[in-house]
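Subject: The structure you asked about

Hello,

Here is the structure for you to open alongside this email. Have a look around first, and then read on for what turned up.

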Amino acid sequence: MKKEVLIFISNGYADWEAGYISAELNKPESEYKVRTVSLNGDNVHSMGGFTVVPDYTIDSLPAQFEMLILIGGTGWQDNSAIIPVVEQCIQDRTPIAAICDATTFLAEHGYLDHIPHTGNSLDYLKEYAPNYKGHANFIEKQTVSSDDIITANGTAALEFTREILKKLKVMPVEKVDGWYTFFKNGFYQE
């Protein structure tokens, strides 16, 4: 039986931020499968115009899953109902990976105050997460992995995927690094 990785999506989610990791985790040879989660089970519409029928709601999650991935987008100001799920992940030491405005959400709710992390920028977090107190732990990098929380800025979909692949041990580190280099640089150099 494949292990589940949950991707939380809400209306206006940034579909490209989940593209690479979903494709890698859902490969036939992978020991993982991706399942989507929404607040209430209604169809979810991405920024790019895709409509997704979620697999789970926050009230019908499986008892066991390997990681919670929080995708950025325009709807994070309305997603406070996900907090109990985030809290449970932290309590159970289930890894969380957040990108773009999902990191801003974590910052606003204090989850990044005491760990190394990144986000869209320090100024961005200060402006859009007024309760954020983790300024001293902000690192200007595309992604930062800290214990059980991975953070990434909105331009880091490839780096985000790389860190998740490493955390879940989807393939040996050398293969993950090769995968990243291939997709970052492409077949041909311009």
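Let me start with a small puzzle: is Gly 19 buried, partly exposed or exposed? Gly 19 counts as partly exposed, because its relative accessibility is 37% and partly exposed covers the range between 20% and 50%. You will find Gly 19 in helix α1. Its C-alpha lies 8.2 Å from that of Ala 157 in space, although 138 residues separate the two in sequence. Before going further, please keep in mind that this is a predicted model.

**What the record says**

UniProt lists residues 3–166 as "domain: DJ-1/PfpI", and the entry is an unreviewed one. In the model, that span is 27% helix and 21% strand. The C-alpha atoms at its two ends are 16 Å apart.

**The strands around β6**

Strand β6 covers residues 67–70 and is a good place to look next. In a regular strand, side chains alternate between the two faces of the sheet. Here, Met 67 and Ile 69 point one way, while Leu 68 and Leu 70 point the other way. What is the burial state of these residues? All of them are buried.

β6 has a parallel partner in β1, with four bridges between them. Within this pairing, Phe 8 has Leu 70 of β6 as its bridge partner. β6 also runs parallel to β7, and three bridges join those two strands. Leu 70 appears again here, as its bridge partner in β7 is Ala 98. Together with α2, the strands β6 and β7 form a β-α-β unit, and this unit is right-handed.

**Salt bridges**

Side chains of opposite charge can pair when their charged atoms come close. How many salt bridges does a search of the whole structure find? The search finds nine, and three of these pairs are described below, followed by a network.

- Lys 3 and Glu 31: their side chains form a salt bridge with an N to O distance of 2.8 Å. The pair links distant parts of the chain, 28 residues apart, with Lys 3 in strand β1 (residues 3–8) and Glu 31 in the loop between α1 and β2. Lys 3 is partly exposed at 34% relative accessibility, and Glu 31 is partly exposed at 39%.
- Asp 148 and Lys 167: the closest N and O atoms of this salt bridge are 3.5 Å apart. Asp 148 sits in the loop between β8 and β9 and Lys 167 in helix α5, so the salt bridge ties together parts that are 19 residues apart in sequence. Asp 148 counts as buried because its relative accessibility is 17%, below the 20% limit for that class. Lys 167 is partly exposed, with a relative accessible area of 33%.
- Lys 166 and Asp 177: this salt bridge has an N to O distance of 3.1 Å. Lys 166 belongs to helix α5 and Asp 177 to helix α6, so the contact ties together parts 11 residues apart in sequence. Lys 166 is partly exposed at 28%, and Asp 177 is partly exposed at 31%.

There is also a network: Glu 4, Lys 33 and Arg 35 are joined by salt bridges that share partners.

**Cysteines and backbone**

How many disulfides does the structure hold? The number is zero. Since you may be thinking about cysteines at the bench, here are two of them. Cys 89 counts as buried at 1% relative accessibility, and Cys 100 counts as buried at 14%.

Cys 100 also brings us to the backbone. Most residues other than glycine have a negative phi. Cys 100, however, has a positive phi of about 55°. Its place is in the loop between β7 and α3. Arg 93 is another residue other than glycine with a positive phi, in this case near 60°. Arg 93 lies in the loop between α2 and β7. Is Arg 93 buried or exposed? Arg 93 is exposed, because its relative accessible area is 56% and the exposed class begins over 50%.

Happy to go through any of this together.

Best wishes

How values were computed:
Residues numbered from 1 in each chain as written. Predicted model: local features only at pLDDT ≥ 70, side-chain atom pairs only at ≥ 80, totals over all residues. Heavy atoms only, no water. UniProt positions renumbered as here; feature names shortened; annotations may be inferred. Salt bridge = Lys/Arg side-chain N within 4 Å of Asp/Glu carboxyl O. Buried < 20%, exposed > 50% of the residue type's maximum accessible area, 1.4 Å probe, protein only. Disulfide = S-S within 2.5 Å. Pairing = 2+ DSSP bridges. Right-handed = clockwise from strand over helix to strand, strands pointing away.
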